[in-house]
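Let's take a guided walk through this protein, from its overall build down to a handful of individual residues. Have your viewer ready and follow along.

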Amino acid sequence: MKKANKKRSRMELVSSLGVRSKLANGLAGFAVIVALTLGMLSAPLSAAKKPKKIEKEKKFVLDWLSQPEVVEKFGRISDAIWSYAELGLQEFRSSKLLADTLEEAGFKVERGLAGMPTCFVGTYGSGKPVIGILGEFDALPMLSQKGRVPRQEPLVEGAPGHGCGHNTMGTAAVAAATAVKEAMAKFGLKGTIKMFGSPAEETLISRPFMVRAGLFDDVDVVIDNHSSSDFGTDYGVSGNALFSVIFTFKGKTSHGASAWSGRSALDAVEIMNVATNYLREHLNLAHRLHYVILEGGEAPNVVPDKASVWYYVRNTDERVEEMYSRVVDCAKGAALATGTELSQVRILSAVHQRHANKALAELFQQNIELVGMPAWTEEEHAFARALQKELGEEEKGMPSEVRPLSDPRGAFVGGGSSDVGDVSLIAPLATIRFPGQVPGAIGHHWSSVASNYGSTAWKGLNAGAKAMAASAIDLFIKPMALKKIRDEFEAYAKDHPYKSFLPPDARPPLDLNEELMKRWRPLLDERRN
C-alpha cells in the first residue's frame with residue numbers, strides 16, 4: 001500500500017506541473033527518467049574525496065537534497081520550465097512556479113519587483129549574515145528542440161527553447177535555498193537566506209534594475225550559478241560589459257518608382273551598419289559588436305519612413321562607454337547622410353563585466369569537490385556520445401571529474417556578457433558552474449536545448465544545488481570565512497566603485513518579446529497538452 005501511495009503522489013506532482021506524457025515521450029520514457037535519476041542516489045557524494053569530517057549542518061543539506069523525492073520534485077520543475085520556454089520579461093509561468101515553490105516551503109515571497117512583473121525575491125530568516133542566491137529562468141528565441149533527441153528536431157519550428165540551461169538554474173537556486181532554510185530551522189542558524197528570481201538574463205536586463213531598486217543593499221554575499229558541461233568555478237574579471245540599444249530612424253515615404261521625393265529610414269540603418277563595420281578596425285581587441293534589423297519597411301515599392309536596428313555593444317568596463325559613444329556617432333552620421341532623423345536611441349540595458357571574488361570561489365571549490373561529479377548511467381553516456389557524433393565532436397560521453405580551480409587567464413580578449421556583473425560590484429559574488437549539458441553541445445543552440453531536459457539535467461542541477469547549499473551553510477557557520485570574503489571585496493571596491501551604466505530615465509522594456517510569446521505560447525501549449 002505504501003508503494004502505491006508513493007507512486008500516486010509522484011504522478012500527482014507531475015500532473016500539477018503541467019508536464020504531459022508527450023514531452024516525456026510517453027509513460028515509458030517517464031519511468032526510465034525517474035529510474036535513471038533515482039539510481040544516482042546510491043552514492044550521493046559521487047566519487048569525490050570525502051573529508052574526515054563534515055559539519056552536521058552541511059551533512060544535513062547534502063542528505064536532504066539527496067532524497068529521491070526531492071531530486072524528482074525539482075527535476076520535474078526544471079522540465080516544466082523547459083517546456084514553457086518563455087522569453088525574457090514574459091516568463092509568467094516559470095516565475096510563478098518558482099515563486100510558488102518557495103512560498104510553499106515557508107519563504108516570504110515579494111513579486112513584481114524593480115518594475116518587472118516576473119522579478120521576485122524569496123526570503124527566510126532575519127538578521128545577519130544575509131546570503132543571496134541568484135536564479136534565472138528565461139529561454140532563447142528560435143531554438144525549439146525535442147529533449148534528449150541527439151539530432152536537430154524542433155518541438156515547434158521557430159519557437160523558443162532553453163539553449164542556455166536557465167530552466168535548471170532557477171530551479172537549482174530554489175532547491176539550494178530550500179535546503180538551507182530546512183537546515184536553519186532544524187539547527188537554529190541565525191541569519192537570512194534570499195533567493196533572487198531574475199528575469200531576462202539572456203537580454204541582460206534584470207540585474208541593473210534590481211540593483212538600482214536596492215534589492216541587494218543588505219546582502220553580504222551572493223551565490224551565482226550557471227548550467228554547464230563541467231563542474232567548477234573561477235575568479236577574477238571575465239566577460240564583457242555591454243550596452244543593449246535600439247536605434248530608430250524617421251524618414252519620409254514615397255513611391256519606390258519616384259524615390260527622390262522620399263527619405264528612406266532603411267537607408268539610414270544600412271549606412272549606420274556600414275559605418276560601424278568600418279569602426280571595428282579601430283576598436284580594442286576585446287570588443288564585440290553585433291546587430292539585427294528589427295524594422296525596415298513592408299514593401300519594396302514604398303520608401304520606408306521608419307526603420308530600427310538593435311545593437312549589442314561590448315567591451316571592457318573601461319572602454320565600453322567610449323565605444324558606445326562612437327556607435328552613436330555612426331547613427332548620427334547615417335541620419336545626416338540620408339536626410340532622416342535619428343528619432344530614438346533606446347537603451348534597453350547596460351551592464352558591467354563580472355568581477356568574481358577569489359576567497360568565495362575558493363570556498364565554492366571545496367564544496368564542489370565535496371559533492372563531486374554525478375554518477376552518469378551508460379544510457380546517459382550513450383546519449384552524450386550520439387549528440388557529440390552529430391556535432392562532429394569527440395565521442396567521450398558525460399564528464400567524469402570536477403574542474404580544478406585555476407588562476408585567471410592572462411590576456412583578456414573579450415567574450416560573452418552577463419548582467420550578474422553589476423551585482424558583483426556591490427557584493428562579493430562568484431559562480432558555481434554545474435554539469436548536466438553534454439560536453440561539446442553548443443551554447444544558444446539546439447544541442448544545448450536537447451541536453452537541458454531529463455535525467456542528466458536533473459542530476460546536474462541537484463549537484464549544483466548541493467554545492468550552493470553547502471557553501472551557504474559555510475557562510476552561516478564560519479564567520480572567519482565570511483570575513484575573509486568581505487575583506488577582499490571591500491579592498492577591491494575601493495579601486496572599483498560601482499557606477500551604473502543605465503541612464504536615469506531607463507525603464508525595463510516590458511514590451512520586449514511580448515508579441516513573440518503571444519505567437520508561440522499557444523503552439524507550445526498545444527504540444528505540451
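Is Leu279 buried or exposed? Leu279 is buried, because its relative accessible area is 7%, and buried means under 20%. Keep in mind throughout that this is a predicted model. Leu279 is found in helix H8, which covers residues 265–279. Setting aside residues up to four places away in sequence, Leu279 touches Arg326, Val327 and Cys330. One of these partners, Cys330, is 51 residues away in sequence, yet the C-alpha atoms of Leu279 and Cys330 are 8.7 Å apart in space.

**The overall build**

Now zoom out. The protein contains 16 helices and 12 strands. Its radius of gyration is 24 Å, close to the 24 Å that the globule rule gives for 529 residues, so the protein is as compact as a globular protein of that length. The C-alpha trace spans about 80 × 55 × 45 Å along the principal axes.

Contacts reach far along the chain: among those between residues at least 6 apart in sequence, 83% join residues at least 24 apart. Of the 529 residues, 58% count as buried. The accessible surface comes to about 22100 Å², and carbon and sulfur atoms account for 53% of that surface. As for charge, there are 64 positive and 62 negative side chains, and the centres of these two sets lie 6 Å apart.

**Two nonpolar cores**

In soluble globular proteins, nonpolar side chains tend to be buried together. Here the largest nonpolar core has 75 residues, and those with the most contacts inside it are Ile193, Ile223, Phe231 and Leu475. Ile223 is a good place to centre your view. Leaving aside neighbours within four places in sequence, Ile223 is in contact with a set of residues that includes Ile131, Ile133, Leu134, Phe364, Ile432, Met468 and Leu475. A second core, separate from that one, has 31 residues, including Val130, Phe209, Phe216 and Leu242.

Another buried residue worth a look is Thr101, in helix H5 (residues 92–104). Thr101 has a relative accessible area of 7% and is therefore buried. Its contacts, apart from neighbours within four places in sequence, are Lys73, Phe74, Ile77 and Val174.

**Backbone features to check**

Most residues other than glycine have a negative phi, and most peptide bonds are trans. Against that background, three loop sites deserve a visit.

| Site | Backbone value | Loop |
|---|---|---|
| Lys128 to Pro129 | cis peptide bond, omega near -5° | Pro129: between strand S2 (120–126) and strand S3 (130–136) |
| Ala200 | phi near 55° | between strand S4 (191–198) and helix H7 (206–212) |
| His444 | phi about 55° | between strand S12 (429–434) and helix H13 (446–451) |

How do Ala200 and His444 sit with respect to the surface? Ala200 is buried, with a relative accessible area of 0%. At 44% relative accessibility, His444 counts as partly exposed. Neither is a glycine: Ala200 has its positive phi in a residue other than glycine, and His444 likewise has a positive phi although it is not a glycine.

Terms used: Residues are numbered from 1 along each chain as its sequence is written. This is a predicted model: local features need pLDDT of at least 70, side-chain atom pairs count only at pLDDT 80 or more; totals for chains, interfaces and linings use all residues. Side-chain values use heavy atoms; hydrogens and water are left out. Helices (H or I, at least four residues) and strands (E, at least two) are DSSP runs, numbered from the N terminus. The radius of gyration is taken over C-alpha atoms; the globule rule is 2.2 Å times the number of residues to the power 0.38. Buried means under 20% relative accessible area, exposed over 50%, partly exposed in between (1.4 Å probe, protein chains only). Contact means heavy atoms within 4.5 Å. Accessible areas come from the Shrake-Rupley method with a 1.4 Å probe; for residues, only the protein chains shown count as cover. Lys and Arg count as positive and Asp and Glu as negative; His and the chain ends are not counted. The place of a charge is taken as NZ of Lys, CZ of Arg, CG of Asp or CD of Glu. A nonpolar core is a set of buried Ala, Val, Leu, Ile, Met, Phe, Trp, Tyr and Cys residues joined through side-chain atoms within 4.5 Å.
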